[in-house]
Every structure is written in C-alpha cells, then in structure tokens.
Amino acid sequence: MSTVLVLVEHTDGELARTSRETLTLARNLTEPVEGHLEVAAVGTWSDELRKEAAAFGVTAVHTLEHELLDADAPPAAVAEAVRQLMGVVTPSVVLGAASERGTPSFAHLAARTDLPLAANCTAVETVDDGWELTRLRWGGVLYEDAHLDAEVALLTVAPHQIAAVPATMPGPAELEPFTPELDEALTVARPVAREALSGGISLATAPVVLAGGRGMGSAEAFAVLEELASLLGGAVGCSRVATNAGWRSHNDQVGQTGTRVAPDLYLACGISGATQHWVGCMNAKRIVAVNTDAEAPMVTRAHEAVLGDLHEFLPALLEEVRSRKGG
Amino acid sequence: MRLLVCVKRVPAPGAKITLTPDGSEVDTTHLGFTVSPHEECAVEEAVRLVAAHGGSSTVLTLGPLAAEDQLRNAIAMGIDHGTLLPMEGPEWDARAVAGAIVDAVRVLEEDDGRFDLMLFGNESADAGNHQVAVRVAHALGRPVVDGVKGIEVTDGEVALRRAVADGHTVHHLPLPAVAAVKEGLNLPRYPAMRGRLMAKKATIRHVEPRHREGGLRRLRLRAPEQQRTETTVLGTGAAAAPAVADILEEVGLL
Ligand SMILES: Cc1cc2nc3c(=O)[nH]c(=O)nc-3n(C[C@H](O)[C@H](O)[C@H](O)COP(=O)(O)OP(=O)(O)OC[C@H]3O[C@@H](n4cnc5c(N)ncnc54)[C@H](O)[C@@H]3O)c2cc1C
C-alpha cells in the first residue's frame, strides 16, 4: 500500500488554504490505490485541526515534536525532521504547498535527500515508470508537462490553482507524534528579529489597485493615483518600468517578480500588459485599462478600457470620485 | 571579500509567449535574451559590496555559448570576472544544474580562494524551480536564506532581510554564506559606456560541466487557455470618467 505524505501548515487552529489545496491534489495519488494520506506538521494540534484534517481524508497526523521546531524554525530544521520521518513512514510521494515556508522547506528537503523536486505543480499522476505532472513556468503563464523519475517524488503545489475539496470519505486522522533528532547547527538561519510592515492597506489584499506604468511619465504623476487610492480604500501599484525609473518603490510592483494581486478592480494606467506584468494582475475580478493604444495587450485583455491620454482621464476621474463622495 | 553571483540566460518574451511547433521550447526567433530581475539585483549587490568592502566578484552561468552575453552585461555593471559552464541542448533540471555549479565553485575556490558570499536569484524567470541556491549551499555546507531583500555585511557575518507577507525577518549568518535574492533588494544601475567596452574585451573562463541525470524531464510546454474577454470601450479621455466611476459604484468601492 502506498503512502503519500503532506507537509501542512496551520495558523490560528485552521489549516492553511494552500495546505487544503495540497491535500486535495494528494488524494488523486491515494484514492485509486486506497493508500494512506498522512500529514506532517510543526506546532501543536488542536481537536479542531484534527477534525479538519480528517475531513480531507487524512489517515494519520505526525506532529513533529522538538524544541527547535517552533513558529520560527528555519526550513533546514523542518526539512531534516521530514527527512527523518520519511524513514519511518516510507512514503512514495511527499508534497507541500509552494508557500512562503513550504518552498524553502522543500528545497532543503530536496538538498538533504538528493532527490529531484518538481516545484509549483498543478497536477500529478502515477505512471508505470514514475510520475507525470504539470507545473507552472514563467510565473504561471506557461504550463510544463514533465516526467519525474525518482525513488520518492518531491513536489510543491502552486497556490490557488486547485479548489480545496474535502474527501467523500473522512479519514481517522490519528495523532502520531514524531520526535526527530535535530542538531543545534540546523538553526543557524533562524530569524533574530521581525519587522512588521508599516500600517495601511497592503497591495496583495487591497480591494482595488490603482496601477501606473511607463505612460505615467513621472513620479509626480502618481499623486493622483495616491489620492484615488486613499478615497477608495485601495493601494497604488505599478509596472517594472515605473520601479526601474525610480518613480515607485519595488513594494508597489505588480507581476512575476513583484506582488500578485487579486482585487475586485484593477485599474491599469499606461501599462502595456507584458506577460510578466499580466501574471501579477490576471486574477483581478475586473480589469479596466487606460491606454492611448487600443491594441495594447492590457486593453485587449481588459474587461473595460478607456482610450486616450491618462493625464486627461485621471484628473477627471478624481474629480468625479470626489464629487460622488461628497454628494 | 569574494563574491559569486549565479545567473541564467532566459528569453525576454513580450505580451505573449509563442512555442515551437512541437511545443518543446519557447520560440525565441524574435526574442531578445536577459536574466531575471532577481539576478540583476544580485549582480548590482555584488558590485556594491565589493565597492564597500573591497575584494572581487565573479558572475557564473551554466548555459550556451551565447550566455556569455549575460556574463558580459554583468561585467559591464561592474563585476570583475565571468565564468561559463558551457552546455548545449535542452535545459538541465535543477538538481543537475546545482551539481554542476557545486563542481565549478570547487574549481574556482581551489584556484582563487573561498567565496565569502554566493548570491543567486530566488528563482529563475523561466523554470522557477526555487531550489538551486539551497542545493548548492547544502552541498558546500554553507548556511542559506531565500527571499532576501536586504544584505548587510559586517565582520565575518552577513545580516539578511527576508521578505515575508507581513514584513521582514532578519537573519544573521556566519560567512561563508549563500543568499537567494529578490528584486527590490536594490535598484540596479544601467551599465556605463566604459563598462560595456571593458566587458567586451573581458576574458570569460570556461569550466566544463559534468551532466548527471536530474530526474525531472520535460515532455512538453503548453499555454493555458486564454479566456477571451470582449473589451468594452467606455470612452475616450476625460469623457470616460463618469463611466469608470459607475464601475467603482457597481463593485461597491464608492
Ligand atoms: C523575467 C522578467 C520579469 C519581469 N517582471 C515584471 C514584473 O514583476 N512586473 C512588471 O510590471 N514587469 C515585469 N517585467 C518587465 C515587463 O516585461 C515589461 O517590460 C513591463 O511590464 C512594461 O512596463 P509598462 O507596461 O509600464 O511599459 P511599456 O511596455 O512601455 O508600456 C507603456 C504603455 O503605456 C501606454 N501609454 C504611454 N503613454 C500613455 C499616456 N499618456 N496615456 C495612456 N497610455 C499611455 C503605451 O501605449 C503602452 O501600452 C519583467 C520582465 C522580465 C524579463
């Protein structure tokens, strides 16, 4: 019987959404063969968490117990614990979310086991001589179908590509604590301090993003977007051209090497819509493009477009918003 | 201090990525080539660190002969030396790439001394494997932090700021160390004419890489289905403002 092991994350007594997505994908590997779906996790497990895992078909929960494995445990320590657990559980596949913590943990697990690792997968199936999988390239604008040949398959699962669905048959989710042997040296990369973002609405979660690109022409031109953002409770975004020109901080950059946003509305002003920008905003519910070029990809892919000079349009929009707010 | 920066030559697609007819590769007939913005920042940081602390910097890539262009670009920005691990044919998987880099680092360090700090892009622009830096660091027994957006070197130690969803975490690593960096670390300079002329003449060292089976083999590339949206044109210039304000009301922002 084959065992699939999933490294899950949880906060405030709830499984992370990306972990639920990963469990859903993992079930594709266990259900046809009635295999075991086991999870490994750092931190204490409440009864609520166990119930949630059970609903996703989990058969066993291995809580990784060691004083070095707390919320600040560096990925090398988590990976070493999972590597030791693999010796006991002997899984055929080990998966985790391609999250802020999952991604480096799996890189360390791959390094420590010297196994191949397929990052950012969206699908996987067992074939005669290994696994066939689909993974994201270019930040998500391209899929790669690949064959994986390995003693044990290591995969990370791309966030928000699969809908998390509970299992038709809940699992027992039995708690089986596991105590790894960890060396102090594994904690060398432990954080020594934390700096919180200054308050305000974060770009990643803002309900509306007002973004400007090369067409804005200057740092000063962003003032009107700033004002709109504060009136509407949104955040200002930008393209890489605006970052590179020094008009905006990189914290505002939307795209492959910036922030991924998914607001209710994305207003793209003077942005052409290069693939590397598009991957950052394509999950917006609605996109309105403002551009002089009716053929710009951002215009042809947007739901709505305003044609013409943004320097004429934006002040008029600000006026309109102000007067509707006042009235 | 001695620095190493690892970069990858990738095509620079515009609004659409076109594939070769058999779907095995990105069609690069009409494309220029570049490195990821993450790696541009790694190059810039190495140049700044050498300017501040003395020493020398080396840029390294595994790639086709044409990848010398990307090495020369880095040299034009101020990097001292370039090393190419020449390879042709389909992309190697991350395990194979890391193995070849480890071999090359051993050769370079044997000749000229240890690299105090090795910088990688957090993930390559095309493959996005998110693991080469960590594999190399582990093989060489050096500490590593990914997602780095701030670097400060003090006596025998480096302070790294890792970007996380709600801010930053700070990590202190003893040297030698490894960092996988992200765009935003700094604002890369535009190479000056003098640098570009020097880079043209620079000697690129070649170190033959040994290929080991990685385990992950590409079958094909596919473009995800594009949802066709009909774009509604709301108007031109200032006259379109009321229509956009209506949308703001519709989605509950006004
Ligand atoms: C590996 C890699 C990663 C990258 N990551 C990112 C990323 O994370 N984010 C990102 O944004 N880019 C990224 N890029 C860069 C990307 O390829 C584009 O170069 C960039 O997005 C273009 O920015 P832009 O649309 O502002 O500029 P341009 O492409 O120059 O477009 C400017 C647009 O403004 C319009 N315009 C000009 N004047 C006006 C006016 N007065 N009124 C209205 N419209 C006007 C023009 O018609 C044009 O459509 C990356 C590139 C690479 C190779």
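1. A good place to start is the ligand site of this predicted model. The ligand is surrounded by 29 residues, and the closest are Arg214(A), Ser239(A), Ser272(A), Gln276(A) and Asn291(A). Do have a look at the chain boundary here: the site is shared between chains, because residues from both A and B surround the ligand.

2. Next, the character of the shell. Its residues divide into 17 polar, 8 nonpolar and 4 charged.

3. Some individual contacts deserve a look on screen. The side chain of Gln276(A), one of the closest residues, places an N or O atom 2.6 Å from an oxygen atom of the ligand. At Gln256(A), a polar backbone atom is 3.0 Å from an oxygen atom of the ligand. A nitrogen atom of the ligand, in turn, lies 3.0 Å from a backbone N or O atom of Leu310(A). As for overall cover, the ligand taken alone exposes 990 Å², of which the protein buries 83%.

4. Where does the ligand sit? The space taken by the ligand is the second largest pocket. Three helices of chain A are the elements that give two or more residues to the shell: helix 6 (240–244), helix 7 (275–281) and helix 9 (310–326).

5. Finally, a few words on chain B, which also supplies residues around the ligand. Its secondary structure comes to 6 helices and 13 strands. The C-alpha trace of chain B spans about 65 × 45 × 40 Å along its principal axes. Of the 254 residues in chain B, 55% are buried.

Note on methods
Residues numbered from 1 in each chain as written. Chains lettered and ligands numbered in written order. Predicted model: local features only at pLDDT ≥ 70, side-chain atom pairs only at ≥ 80, totals over all residues. Heavy atoms only, no water. Near = heavy atom within 4 Å. Polar contact = N/O pair within 3.5 Å; in protein donor to acceptor, adjacent residues only side chain to side chain. Areas by Shrake-Rupley, 256 points an atom, 1.4 Å probe, with all protein chains shown as cover. 1 Å grid on protein atoms, 1.4 Å probe; cavity = no way out; pocket = protein on both sides within 12 Å on 5 of 7 lines; lining within 4 Å. Sits in = over half its atoms within 2 Å of the grid points. Helix = DSSP H or I, 4+ residues; strand = E, 2+ residues; numbered from the N terminus. Nonpolar A, V, L, I, M, F, W, Y, C, P; charged D, E, K, R; others polar. Buried < 20%, exposed > 50% of the residue type's maximum accessible area, 1.4 Å probe, protein only.
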